[in-house]
Structure formats: structure tokens, C-alpha cells
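Visitor: Please take one helix of this model and go over it closely, then work outward from there to the parts around it and beyond. A plain account will do.

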Amino acid sequence: MIQTIDIDKLHCVCSSGSRKDRIAYILYPMDMLTDWIGPAAEKYGVTIVVVTGMDWQNVFSPWAAPGVPEGDPDFKGESPEFLKLLQDSVVPQVEKALGMSADEERTLVGVSMSGLFALWQWMECDTFHSIASLSGSFWYDGFVDWMKSRAIPKKSGKGYFLLGDQESKSKVKAFSSVGADTREIIKLLSDAGIDIEFESVPGNHYSDPIPRLDKAFTALYSRAFTD
């Protein structure tokens, strides 16, 4: 059954899985997953919540930075405020409405800028046990240097990363570093002992959105079939 919950300016579309101790939040740029989440929740044995309605460029930018491509509005760096909204309002209200277990395993799934946010918040807190970052915007100004400058925290969950094999061929210079940036980040996390899985898949930044989500959920929840 699909349930909708509106919190602040956010629209949350929810579908409960067979277990009450697993929940995945997907920060998505548009309302296009309603037909997918019901079958997916059943297939992967996890409650899925798709969150839309965000100010995409700004709430997923961890600090202020020049706009990309050149000439676009600057990023405002509102990730700390958005993380607080997730922690204080979205997560508790959604999980109360869905009757979730008090000790459930949370996953955060992000795409593009929200994929950047997913990793940033994982380095900042333990609200989410695992993350998936699909085509994460790791080209973001200063992000790789920030990762290299800090002690990588221990994580008992898993990080899943996916990138299209054409994404580094972008005509936008800033975007073209995403392949090298992603590999460097994966090495940092793996060297810190975190369980990391990376897939390079055919296509560019916008290719095959639903199959890519299925790859992430298969990697994160394949154990659901045997647990």
C-alpha cells in the first residue's frame, strides 16, 4: 500500500516492505517512482520512502561554492540545515506513521547532488546505517580535499557507489573529474575498512534511472532473501 506524508515542503511517498526493521529513504529530483516503490519494497524486503520537493541545488551542497556550469547560480551550502530537518522531522514523523521498529536499519539513497549529500552526512553522523550514491556529484568544489583532510569514521554499514562510464566525458570541465574523484573517494573509504561496492555501468548521468536503483537495492538488500 502506498502512503503519502507531507512534512514542511517535502513530499514523502512510502511503501512498506515485509519487515519492520529495514527502511530506505531515497532523495529524488522528481515524482516518478510511485509505480516502482511498491514492487521494489516487496522484492527487496525493505520499506521505501521517496522524498521529493527539495531545493535541489542548495540543500544538498555541504558548503557555499561557485555555480556549475559557469554562470549558474552559486550553491548556498544548506546541507547542515537539511540534515537537521531529516533528523528532527522527516525520519521521526515518517517512522512513527509507518509503525517502524525502534531499532530499524536505515539507508539513505541519493542521486547526483543528493548522492553527494548521502556521503557527506555519512561522514558527519550515524543517522543512516548504509548509503547508496548513484552518480554522486563528487566533483563538488573542495569535496575530495575535505574527505582527505578528515579522519574517516568507522561504519558498520555498507556504501554502494555507481557511476555511468560516459559521465567523465562531460563537456562541462568541472563534471569531467567525477570519475577520478569517485575512485579517490572509494579508495579512502575502503582503506578505512568500510564495506564498499562500486559499479561502473553503461551510459551518462541521466541513463537508466530505474535499473540503477535496482542495482543499488540488490547490492544493499540481497541478504534480505536469506535473512
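Guide: This is a predicted model. The buried residues of helix α3 are S79, F82, L83, L86, V90, V91, V94, E95 and L98. One of them, L86, is also where α3 bends, by about 40 degrees. Just after the helix comes G99, with a positive phi of about 65 degrees.

Helix α3 spans residues 79–98 and packs against helix α4, residues 113–124, with the two axes 11 Å apart and at an angle of about 75 degrees. Angles from 65 to 115 degrees count as roughly perpendicular, so α3 is roughly perpendicular to α4. On the α3 side the contact is made by S79, P80, F82, L83 and L86, and on the α4 side by F117, W120 and Q121. Sorted by class, this contact has six nonpolar residues, two polar ones and no charged ones. Of the α3 residues in the contact, S79, F82, L83 and L86 are also listed among the buried residues of the helix.

Ahead of α3 in the chain is the loop between α2 (56–59) and α3, and P69 is found there. The peptide bond that joins V68 and P69 is cis, with omega about 0 degrees. Most peptide bonds are trans. Both V68 and P69 are in contact with V172, when neighbours of V172 within four places in sequence are left aside. V172 itself lies in another loop, the one between β7 (158–164) and α6. With a relative accessible area of 23%, V172 is partly exposed, because the buried class ends at 20% and the exposed class begins over 50%. The C-alpha atoms of V172 and E70 are separated by 8.7 Å, although the two residues are 102 apart along the chain.

From α4 the account moves to strand β6, where S133 lies. S133 has 0% relative accessibility and therefore counts as buried. Beyond four places in sequence, S133 touches G110, G115, L116, F138, Y160, F161 and L162. G115 and L116 fall in the residue range of α4, 113–124, and Y160, F161 and L162 fall in that of β7, 158–164. G110 is 23 residues away from S133 in sequence, and their C-alpha atoms are 5.1 Å apart.

The loop between β6 (130–134) and α5 (143–149) holds S135. Phi of S135 is positive, near 55 degrees, in a residue that is not glycine. Most residues other than glycine have a negative phi. S135 counts as buried, because its relative accessibility is 3%.

F138 is a contact of S133 and also of T182, which touches F138, L163 and F198 when residues up to four places away in sequence are not counted. T182 is found in helix α6, residues 178–191. At 3% relative accessibility, T182 counts as buried. L163 is in turn touched by S200, whose contacts beyond four places in sequence are L163 and D165. S200 has its place in strand β8, residues 195–201. Its C-alpha atom is 5.8 Å from that of G164, a residue 36 places away along the chain.

For another helix, take α1, residues 34–44, whose buried residues are W36, I37, A40, A41 and Y44. Seen down the axis of α1, these residues fall within an arc of 125 degrees, so they line one face of the helix. The face turned away from the buried side carries the exposed residues D35, P39 and E42. What covers the buried residues of α1 includes the strands β1 (2–7), β2 (10–15), β3 (22–27) and β4 (47–52), together with helix α7 (209–221). After α1 comes G45, whose phi is positive, near 65 degrees.

Two of those covering strands, β1 and β2, are joined by the loop in which D8 is found. D8 is not a glycine, yet its phi is positive, near 55 degrees. D8 is exposed, because its relative accessible area is 65%. S135 also has a positive phi near 55 degrees, but S135 counts as buried at 3% relative accessibility.

Conventions. Residues are numbered from 1 along each chain as its sequence is written. This is a predicted model: local features need pLDDT of at least 70, side-chain atom pairs count only at pLDDT 80 or more; totals for chains, interfaces and linings use all residues. Side-chain values use heavy atoms; hydrogens and water are left out. Axes are lines fitted to C-alpha atoms, for helices over the stretch in contact, and angles run from 0 to 180 degrees between N-to-C directions. Helices (H or I, at least four residues) and strands (E, at least two) are DSSP runs, numbered from the N terminus. Angles under 35 degrees count as roughly parallel, over 145 as roughly antiparallel, 65 to 115 as roughly perpendicular and the rest as oblique. Contact means heavy atoms within 4.5 Å. Ala, Val, Leu, Ile, Met, Phe, Trp, Tyr, Cys and Pro count as nonpolar, Asp, Glu, Lys and Arg as charged, and the others, Gly among them, as polar. Buried means under 20% relative accessible area, exposed over 50%, partly exposed in between (1.4 Å probe, protein chains only). The arc is that of the directions from the helix axis to the C-beta atoms. The bend at a residue is the angle between axes fitted to the seven residues ending there and the seven starting there.
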